[in-house]
Amino acid sequence: MRTGAENLLKVATNPKVREQVRLELSFVNSDLQMLKEELEGLNISVGVYQNTEEAFTIPLIPLGLKETKDVDFSVVLKDFILEHYSEDGYLYEDEIADLMDLRQACRTPSRDEAGVELLMTYFIQLGFVESRFFPPTRQMGLLFTWYDSLTGVPVSQQNLLLEKASVLFNTGALYTQIGTRCDRQTQAGLESAIDAFQRAAGVLNYLKETFTHTPSYDMSPAMLSVLVKMMLAQAQESVFEKISLPGIRNEFFMLVKVAQEAAKVGEVYQQLHAAMSQVPVKENIPYSWASLACVKGHHYSALAHYFTAILLIDHQVKPGTDLDHQEKCLSQLYDRMPEGLTPLATLKNDQQRRQLGKSHLRRAMTHHEESVREASLCKKLRSIEVLQKVLCAAQERSRLTYAQHQEDDDLLNLIDAPSVVAKTEQEVDIILPQFSKLTVTDFFQKLGPLSVFSANKRWTPPRSICFTAEEGDLGFTLRGNAPVQVHFLDPYCSASVAGAREGDYIVSIQLVDCKWLTVSEVMKLLKSFGEDEIEMKVVSLLDSTSSMHNKSATYSVGMQKTYSMICLAIDDDDKTDKTKKISKKLSFLSWGTNKNRQKSASTLCLPSVGVARPQVKKKLPSPFSLLNSDSSLY
């Protein structure tokens, strides 16, 4: 609506029309701003998902989960099973219901590891579903709608990649909520918070690198880069809190360490605020997030200068003091010493140390003033009582310390306090999602191994081959793993006359499903019939469609640009355990949802069985001379 009004304003020449459009546009912008503030209050407030224990700590920022609409897989998947796999779709009602139950459960996951496992299970399951039912050359008619977690703008796409990307985003968001809910008054809680934020950064970074053209602002590469920085900054902040938790002793080496750790946190938050201030992220990032990043950047820089000031002012050279070690630490605290000062001389000269310490206190108070001022400019931050208390207490501590050591001639002996070098004993980094550690069973494994029975391959409808073993000789060998293929077919044997062809995949024998059976198991089954007539169903592969780029149009309300989700189709050939057999399927009752038992009528009918074409007779070499480890002869 706003875009249309802006375009009308550009082309309109009538003054009255232009004035009316300006008035309407002002109302639209006002309404959009109010809506954005309401959404910020509901989904992206820094006060949400915090630990419930009372603690004197600055709050961390969690991400809200993306919302979605219901999707009915029933009719589409049943029709595709009938059309593509030539099987009755109603035989897969339980599997389709399990898939829909799993998706429904993922809309409200628990804020713990079980919730993360649930989302990752669905993401892996979507990989199976994509390979089974989503050909790269056509749309399936399923519309997936997801809402931007930051702006609330809906994005709809007939593409499973939007679903997969959104589930990944929610996995990262869930990790952030787990991190903010950790008890930061214990070592174990802080270690859990560090781990959760690193894993959140890993999932979001994986999303950024895997789904490069996402149709939603919150999943754009620029926004994801900022979110990764934010998660790593919060992990680094938790590292500082873990080091400070046992208490900060007024001891030289301890204060050097804590000062550099604080400087590291301040540095990463300053870098984060700079990234949040760049276009186009600046237009969509919540103002409270950018403000809090700026506040923390100044707050932790102030702490770095405060602890440096304490170590200088309270330092005393005692008998047995390791001056060489202290000199080395002090020299590493700065990129460069102030002009006219050296580390060793400063340690030995009480007046120089106090003057340099007081200059650090003045810089600390400057940063404290900026942090308090920035917090006061944001309505959301002003309402967070614990944040105001932490900032004011730190500011008052620096002011009182300076007042205790202030002298009349301080203004005549000003020293420019250098910046503290940022250093940490625990450098945080992204932890990539480890999907391989999660065992997920393909709901639709009854269709057969993915290496053969996938959406990007085409084959004939099942053909019924009725034959007998003449004098114990089948007239063909078998090769390959599940499903096995007819090999070295004698053109004069009973099976060949009945319509069997070399390369045919055996899918059933006497109504026994053979798609997951190995060569030895199929041979054992064939031998069990002796010279009785055997009914064997086979399919022939028509072609193998290569993986293609999958592109689809996107409809997004209120977005200035229309993106396309482009991603290479996943090659599942290497993912299938070919010797795996179908096991009894477990239900998803543990998710507490009722199965969606839709009895939707299929819009397709079963394809007719193709008539076998006559085979061209050819001379067959002796199968005994060509037998190898991959084939068997009966």
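1. A salt bridge here is a side-chain nitrogen of Lys or Arg within 4 Å of a carboxyl oxygen of Asp or Glu. By this rule the count comes to 22 salt bridges. The model is a predicted one, and every value in this note is computed from it.

2. Overall make-up. The chain has 634 residues, and 51% of them are buried. Its secondary structure consists of 19 helices and 14 strands. Of the contacts between residues at least 6 apart in sequence, 77% join residues at least 24 apart. About 30,400 Å² of the chain is exposed, with carbon and sulfur atoms supplying 52% of that area.

3. A salt bridge between two loops. Side chains of opposite charge can pair when their charged atoms come close. The side chains of Arg107 and Asp70 do this at 2.3 Å, N to O. Arg107 sits in the loop between α4 (93-106) and α5 (113-133), and Asp70 in the loop between α2 (15-43) and α3 (74-84), so the salt bridge ties together parts that are 37 residues apart in sequence. Arg107 is partly exposed, at 26% relative accessible area. Asp70 has 59% relative accessibility and counts as exposed, because the cut-off for that class is over 50%.

4. A salt bridge within α7. Arg199 and Asp195 meet through their side chains at 2.9 Å, N to O. Both belong to helix α7 (residues 187-210); they are four residues apart, so about one helical turn separates them. Arg199 is partly exposed at 23% relative accessibility, and Asp195 is partly exposed at 28%.

5. A salt bridge within α9. Lys264 and Glu267 form a salt bridge at 3.8 Å, N to O. They are three residues apart in helix α9 (residues 252-276), which means a separation of about one helical turn. The two partners fall into separate burial classes: Lys264 is buried, with a relative accessible area of 13%, whereas Glu267 is partly exposed at 33%. Elsewhere, Glu87, Asp513 and Lys515 are joined into one network by salt bridges that share partners.

6. Surroundings of Val226. This residue is found in helix α8 (residues 221-244). Val226 has a relative accessibility of 4% and counts as buried, because buried means under 20%. Leaving aside neighbours within four places in sequence, Val226 is in contact with Leu272, Ala275, Met276, Val281 and Ile285. The C-alpha atoms of Val226 and Gln278 are separated by 9.9 Å, although the two residues are 52 apart along the chain.

7. Helix α14. This helix covers residues 350-377, which is 28 residues. At 1.5 Å a residue it should span 40 Å, and its end C-alpha atoms are 41 Å apart, so the span agrees with expectation. At the start of α14, a side-chain oxygen of Asn349 comes to within 3.0 Å of the backbone nitrogen of Gln351.

8. A nonpolar surface patch. Leu8, Val11 and Val17 together make a nonpolar patch of about 250 Å² on the surface. Leu8 lies in helix α1 (residues 2-11). At 41% relative accessibility, Leu8 is partly exposed; it qualifies for the patch because patch residues need over 30% relative accessible area.

Note on methods
Residues numbered from 1 in each chain as written. Predicted model: local features only at pLDDT ≥ 70, side-chain atom pairs only at ≥ 80, totals over all residues. Heavy atoms only, no water. Expected span 1.5 Å × (residues − 1). Polar contact = N/O pair within 3.5 Å; in protein donor to acceptor, adjacent residues only side chain to side chain. Patch = residues over 30% accessible without salt bridge, like charges linked within 9 Å, V, L, I, M, F, W, Y side chains within 5 Å. Areas by Shrake-Rupley, 256 points an atom, 1.4 Å probe, with all protein chains shown as cover. Buried < 20%, exposed > 50% of the residue type's maximum accessible area, 1.4 Å probe, protein only. Contact = heavy atoms within 4.5 Å.
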